[in-house]
Amino acid sequence: GGIRTYTLGGVELTNSTLSGNYARYVGGASLSSAAVTLGNSTIVRNTSYSGLFGVGIYSQTKVSAESTILADNTEVLSGAALDLAAPSVDGASNLVTWSYSALPPDTITACPRLSALADHGGPTATHALIAGSPGINRGSNTIPLDTDQRAQMPFTRVFGARADIGAFEWHGELGDHIFLSAFESACDRYD
């Protein structure tokens with residue numbers, strides 16, 4: 001639905017959002033035959049009819065993830081959460097709500113608390129972290145990046161004690177408090 005690659009070289013997704021994609025078998029990304037590296041990215045709200053191969057990220061090789069959100073990726077047929085499927089996963093400072101694979105010990109498994117995909121500044125749409133998100137000040141900036149996905153100042157990659165998890169760096173509360181909870185997302189229904 002979002003990305004499908006078959007390559008001998010590595011696959012790297014940095015400071016990026018994959019959201020709202022639909023496919024019959026893999027909604028977000030099918031990345032195979034090469035090492036997969038995810039950095040400061042948000043992969044959420046992708047769907048597939050059958051999650052036979054995972055929905056958010058499906059990889060036939062190891063996934064290295066750093067400061068990345070994988071959440072609310074679901075199979076339509078059963079309604080099951082299917083965020084990540086890979087032979088192994090390493091890295092740190094991630095938020096993953098459901099995985100076929102064992103995750104690094106510091107992985108957060110709570111709902112990320114994201115706004116809807118929208119224009120929050122910058123050239124591309126993002127999912128903003130909202131107040132109370134477990135991803136705020138829990139990420140890392142090992143790449144290092146100057147800005148978040150919005151790729152311009154004043155959207156620095158680190159605002160506060162630490163970088164945030166995902167492609168969006170929270171710089172304080174957004175304006176409209178009525179629509180901040182992203183109540184239509186699956187995990188928010190259980191908070």
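This passage walks through a strand arrangement, a ring pair and a surface patch in a predicted model.

The sheet makes a handy starting point. Four strands build an open sheet, lined up in the order β2-β6-β10-β14 and paired in parallel. At the edges sit β2 (11-14) and β14 (89-92); each has just a single partner strand, so one side of each goes without a neighbour in the sheet. Going from one strand to the next, the twist averages 10 degrees. Inside that order, β6 (residues 36-39) runs parallel to β10 (residues 63-66), and the two are joined over 4 bridges. To spot this pairing on screen, look for Thr-37, which stands opposite Ser-64 in β10.

Next come the aromatic rings. The structure has 1 aromatic pair. It is made by Trp-98 and Tyr-100, whose ring centres are 4.9 Å apart; their planes meet at 80 degrees, and since anything over 60 counts as edge-to-face, that is the label this pair gets. How open to the surroundings are the two partners? Trp-98 has a relative accessibility of 33%, so Trp-98 counts as partly exposed. Tyr-100, with a relative accessible area of 51%, is exposed, because the cut-off for that label is over 50%.

Last up is a bit of the surface. Tyr-22, Tyr-49, Val-76 and Leu-77 come together there as a nonpolar patch, and their accessible area adds up to about 400 Å². One of these residues, Val-76, belongs to the loop that links β12 (74-75) and β13 (84-85). With a relative accessible area of 47%, Val-76 is partly exposed.

Key:
Residues are numbered from 1 along each chain as its sequence is written. This is a predicted model: local features need pLDDT of at least 70, side-chain atom pairs count only at pLDDT 80 or more; totals for chains, interfaces and linings use all residues. Side-chain values use heavy atoms; hydrogens and water are left out. Rings of Phe, Tyr and Trp (its six-membered ring) pair if their centres lie within 6.5 Å; planes under 30 degrees apart count as stacked, over 60 as edge-to-face and the rest as tilted. Buried means under 20% relative accessible area, exposed over 50%, partly exposed in between (1.4 Å probe, protein chains only). Patches are made of residues with over 30% relative accessible area and no salt bridge: like charges are joined within 9 Å, nonpolar side chains (Val, Leu, Ile, Met, Phe, Trp, Tyr) within 5 Å. Accessible areas come from the Shrake-Rupley method with a 1.4 Å probe; for residues, only the protein chains shown count as cover. A salt bridge is a side-chain nitrogen of Lys or Arg within 4 Å of a carboxyl oxygen of Asp or Glu. Two strands pair if DSSP finds at least two bridges between them. Axes are lines fitted to C-alpha atoms, for helices over the stretch in contact, and angles run from 0 to 180 degrees between N-to-C directions.
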